[in-house]
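Thank you all for coming; I would like to walk through one model this morning, beginning with a single residue and working outwards from there. Please have a look at it first.

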Amino acid sequence: MVALLYSEYLTKEALEGLGDFKIGGQIIYSVKYADDLVSLAMEEKVLQDMFDKLTEIGRCYGMEINVEKTKVIRISRQSLPVKIMIDQKQLENVESFKYLGSILTNDGRCTCEIKCRTAMAKAAFNKKMTLFTSTLDLELMKKLVKCYVWSIALYGAETWTLRAVD
């Protein structure tokens with residue numbers, strides 16, 4: 001618990017005033033969940049400045065960034081790598097990663113996530129197949145499908161960018 005409080009203060013102190021990623025007119029420099037931190041920037045230099053400041057302030061708190069676990073992704077139509085350095089080590093560029101149960105890809109498309117969610121929903125449906133072959137009331141079966149299948153299929157759907165192909 002203490003490490004999470006340190007992390008919260010460290011992030012606030014290091015990143016406040018930095019960043020250029022705007023949502024609804026407000027600058028968003030990070031997204032946090034438990035001990036995970038996502039740093040957001042529109043430009044590579046701004047992101048590098050953010051990591052430099054995080055590293056500097058982190059050392060004041062006696063904390064280090066785990067360079068082996070830290071990844072970089074550029075979400076853009078051009079798949080150019082991003083060169084972010086921490087202590088003369090370049091962070092690994094990835095094409096996709098899973099964050100809070102959703103797959104983020106460097107092209108910003110959700111096709112992969114939709115396919116994964118569909119497969120997971122089918123698997124959930126097949127596991128509960130015995131419920132649907134019984135003599136249960138139709139309304140109860142509909143509720144079970146909503147509970148066990150649609151909740152899995154539509155997890156994170158509010159963040160999907162849907163295209164006609166999808």
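Q48 counts as buried because its relative accessibility is 16%, where buried means under 20% relative accessible area, exposed over 50% and partly exposed in between, with a 1.4 Å probe and protein chains only. Before going further, I should say that this is a predicted model, in which local features need pLDDT of at least 70 and side-chain atom pairs count only at pLDDT 80 or more, while totals for chains, interfaces and linings use all residues. Residues are numbered from 1 along each chain as its sequence is written, and side-chain values use heavy atoms, with hydrogens and water left out.

Q48 sits in helix 2, residues 44-60, helices being DSSP runs of H or I with at least four residues, numbered from the N terminus. Its side chain makes a polar contact with the side chain of D52 at 2.8 Å; such a contact is a pair of N or O atoms within 3.5 Å, and within protein one must be able to donate a hydrogen and the other to accept it, while residues adjacent in sequence count only if both atoms are side-chain atoms. Leaving aside neighbours within four places in sequence, Q48 is in contact, meaning heavy atoms within 4.5 Å, with K83, I84 and M85.

I84, with the same neighbours-within-four-places exclusion, is in contact with residues including Q48, L47, F51 and L91.

Definitions and conventions
Helices (H or I, at least four residues) and strands (E, at least two) are DSSP runs, numbered from the N terminus.
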